[in-house]
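Q: Hey, can you walk me through this structure? I'd like to start with any odd backbone spots and then move on to the bigger picture.

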Amino acid sequence: MSERTALTLACTDDVHLAEVLDRAQLVDGSRVRDVRSSSPLAPSLAERVPTRIPRVPIFAILGGGLGGLAADLIASLTAQADPMITGHMPIVAAPPVGIITYEGIALGAVLATTLGVLIECRLPSSRRNSEVASRVARGELVVTLDVPANAADELSRLAEPITR
Amino acid sequence: MTNDLQERENRLVGRLSLDRFRPGLVVGAGLTGLVALVFFYAWGIQLRDGIGVAGINRPVFWGVYITTFVFWIGISHAGTLISAILRVTGAEWRRPVTRCAEAITLFALSVGGLFPILHMGRAWKVYFMLPIPNSRGLWPNFRSPLMWDAAAITAYIVGSFLYLSLPLIPDMAILRDRSKGWRRRVFGLFALGWQGSAQQWRSLESGIKVMAVVIIPLAVSVHTIVSWDFAMTQVPMWTSTIFGPYFVVGAIYSGIAMLMIAMALLRWGMDLGDYLSDKVFNNLGLLFCAMTLAWGYFTFAEHLTVWYANEVAEARVLWSRFTGKWAGPFWTMVIVNFVIPICVLPFRWGRKPLPTALVSLGVLVGMWLERFLIIVPSLELPRLAYTLGDYTPSSIELMVLIGSVGLFAFFYFAFTMNVPIISVWEVREGWEHENSHSGAAAAAAAPQTDARTPEPAGGGS
């Protein structure tokens with residue numbers, strides 16, 4: 001089994017990145033680890049970078065369920081704690097409880113979505129490569145490839161290497 | 001291509017002027033901060049002397065405070081709702097607009113949310129609204145629409161804050177990597193260690209989409225519930241089944257007006273004409289025009305049915321608006337909310353920054369009057385005639401009203417001074433889309449041209 005190395009290259013634009021990815025694809029055993037950019041990648045490029053399907057919608061659904069349950073309990077148990085007769089309504093009246101539950105679902109979903117994004121993005125994080133960050137801030141696309149060591153030199157000629 | 005994009009991004013970040021002294025913003029923040037002090041001064045007097053210093057009294061127990069509360073909650077629909085709708089529908093021109101709109105929501109809610117507390121008089125008793133075990137033996141009544149309000153506004157303010165904050169993370173990272181010293185540390189703190197990896201972008205975009213979908217029904221519910229504060233009572237001209245959609249339409253209408261004014265000021269004050277372009281004003285102006293028609297339709301329907309039914313108590317309120325004590329404010333409202341916008345906005349020249357800003361100013365005044373006219377005449381002329389009343393706003397109430405405008409504007413100036421008021425990464429993404437579309441179009445056109453015409457000698461032009 002040949003020795004492998006992580007190669008980080010700075011590409012100037014989408015076309016340049018596509019060239020690097022095309023070339024890397026031809027090298028046996030090479031793999032794209034990540035691409036860093038200051039704005040989302042174009043869909044044609046994004047699909048060439050391995051990423052997980054975000055589980056954010058699942059977080060939202062679970063959060064909505066929990067929020068709704070909590071709101072439902074708050075509204076109905078509070079009414080039972082202070083059983084006051086109002087306007088011919090039952091003590092636990094379904095429409096008002098439904099409204100509070102609806103707001104609880106929304107609040108829970110929003111909070112859980114935020115939590116989901118932070119977890120999926122692994123934020124907050126203290127890990128940061130300042131060289132890569134400054135390249136990204138300059139608008140470059142920084143691709144990290146996992147390649148056999150003997151192919152690294154050839155690929156390095158395609159774009160400026162940052163770290164090896 | 002990247003160089004060109006980068007140059008455009010640098011220009012945008014430069015215009016947003018976060019790292020240099022911008023006298024206009026500082027003066028604006030200073031002046032509006034002074035006006036905001038009027039709010040706290042008046043509130044302080046009320047806390048010292050009691051709620052009696054406000055003009056509200058039986059039977060007009062809701063006056064300027066609740067009017068202004070409804071007004072600010074309405075304004076809050078500018079941002080998050082409009083931004084979410086534009087995101088969900090994939091409107092490309094939304095990109096420079098979303099953040100300045102979302103900031104309006106957050107600050108309008110923050111200011112509006114103070115009014116029920118102010119209206120309570122004894123503001124320190126606000127915790128009575130929380131359902132916590134207590135020695136008083138009192139619990140909030142969740143069957144009251146006022147508690148629905150508390151729940152809805154809490155959810156909306158949290159949602160709006162998060163919806164504004166999530167897309168801010170990559171911009172904070174851009175600023176972190178471009179700045180030095182203490183600014184770098186501060187921006188770095190808010191960037192949360194964002195690196196711009198493909199996974200992060202994918203997760204963030206997924207989160208923003210989910211949030212947009214959740215926020216739209218939430219925003220609609222907020223102003224619907226505010227309308228139910230009125231519609232659930234037997235007060236003349238409040239018991240109306242169309243109040244929910246009527247209030248939502250009015251909220252979006254006033255929200256767009258505030259957004260138009262904010263955009264016009266940002267465009268002139270920060271030289272953002274390249275981003276908050278005529279096209280953006282034109283598109284938003286079309287939406288504004290549609291909301292004018294919708295508001296006019298609801299207002300007409302609301303008044304027509306009351307006039308036709310001619311029920312005694314409601315007719316009394318109706319005619320006090322048409323020809324009585326409140327005719328002046330009522331017809332002013334009709335002119336600034338409907339007649340002027342409908343004479344200006346359908347035309348392309350009317351959807352330029354200056355005309356839309358002027359129309360918007362009128363609409364804001366008109367929408368405040370609308371809320372005032374919904375509340376005060378109905379309370380002055382209740383069904384039981386022995387409690388007839390008269391209401392004139394006190395100086396304290398007017399100071400609070402003016403101060404609240406200052407407070408809102410101060411928040412907005414302060415935000416603009418410290419945070420990119422235009423989403424840098426979203427605008428850049430839009431440029432990239434433009435480039436890829438124009439590139440694809442050129443690529444599609446090129447072979448046809450080549451096939452038909454041989455390449456001229458020397459490459460040609």
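Q: What sign does phi take at R122(A), just after α4(A)?
A: R122(A) has a positive phi, about 55°. Keep in mind that this is a predicted model.

Q: Why would anyone care about the sign?
A: Because most residues other than glycine have a negative phi.

Q: OK, and which residues does the cis peptide bond in chain A join?
A: That cis bond joins L123(A) and P124(A), with omega at about -5°. P124(A) sits in the loop between α4 and α5 of chain A.

Q: Back to α4(A) then. Is that helix mostly covered or mostly uncovered?
A: Mostly covered: 21 of the 27 residues in α4(A) are buried.

Q: How far apart are the ends of α4(A), and what span should I expect?
A: The end C-alpha atoms of α4(A) are 37 Å apart. At 1.5 Å a residue, its 27 residues should span 39 Å, so the two agree.

Q: What about where the chains touch? How many residues does each one bring?
A: Chain A brings 59 residues to the contact and chain B brings 49 residues. On the chain A side, the elements giving two or more residues are β2 (31-36), α3 (56-81), α4 (94-120) and α5 (130-137).

Q: Which of those gives the most?
A: α4(A) does, with 16 residues on the side of chain A that touches chain B.

Q: And what classes of residue are on that side of chain A?
A: The side of chain A that touches chain B has 34 nonpolar, 14 polar and 11 charged residues.

Q: Let's zoom out. How many helices and strands are in chain A?
A: Chain A has 6 helices and 4 strands. Starting at the N terminus, its elements go β-α-β-α-α-α-α-β-α-β.

Q: What radius of gyration does chain A have, next to a compact globule?
A: Chain A has 26 Å, but a compact globule of 164 residues would be near 15 Å. Along its principal axes, the C-alpha trace of chain A spans about 80 × 35 × 30 Å. As for burial, 41% of the 164 residues of chain A count as buried.

Q: Now chain B. How many helices and strands are there?
A: Chain B has 17 helices and 0 strands.

Q: What does the globule rule say for chain B?
A: A compact globule of 461 residues would have a radius of gyration near 23 Å, and chain B has 25 Å, so chain B agrees with the rule. Its C-alpha atoms fill a box of roughly 95 × 50 × 40 Å along the principal axes. Buried residues make up 49% of the 461 residues in chain B.

Q: What share of the contacts in chain B joins residues at least 24 apart?
A: That share is 82%, counted among contacts between residues at least 6 apart in sequence.

Q: Where's the cis bond in chain B?
A: The bond from R58(B) to P59(B) is cis, with omega near 0°. P59(B) is in the loop between α2 (23-49) and α3 (64-75) of chain B.

Q: And which positive phi values can you show me in chain B?
A: Two to look at are L192(B), with phi near 60°, and M237(B), with phi near 70°. L192(B) is in the loop between α9 (181-191) and α10 (198-231) of chain B, while M237(B) is in the loop between α10 and α11 (243-269) of chain B.

Q: Why does M237(B) count as buried?
A: Because M237(B) has 24 C-beta neighbours inside 10 Å, and the cut-off for buried is 20 or more. L192(B) has 16 other C-beta atoms within 10 Å, so L192(B) is partly exposed.

Q: Last topic, helix packing. At what angle do α4 and α5 of chain B cross?
A: The axes of α4 (residues 79-88) and α5 (residues 98-112) of chain B cross at roughly 145° and come within 7 Å. Residues in that contact include I82(B) and L86(B) from α4(B), and A101(B) and I104(B) from α5(B). The residues of the contact of α4(B) with α5(B) split into 5 nonpolar, 5 polar and 1 charged.

Definitions and conventions: Residues numbered from 1 in each chain as written. Chains lettered and ligands numbered in written order. Predicted model: local features only at pLDDT ≥ 70, side-chain atom pairs only at ≥ 80, totals over all residues. Contact = placed C-beta atoms within 7 Å. Nonpolar A, V, L, I, M, F, W, Y, C, P; charged D, E, K, R; others polar. Expected span 1.5 Å × (residues − 1). Buried ≥ 20, exposed ≤ 12 C-beta atoms within 10 Å, placed from the backbone. Rg over C-alpha atoms; globule rule 2.2 N^0.38 Å. Axes fitted to C-alpha atoms, helices over the stretch in contact; angles between N-to-C directions.
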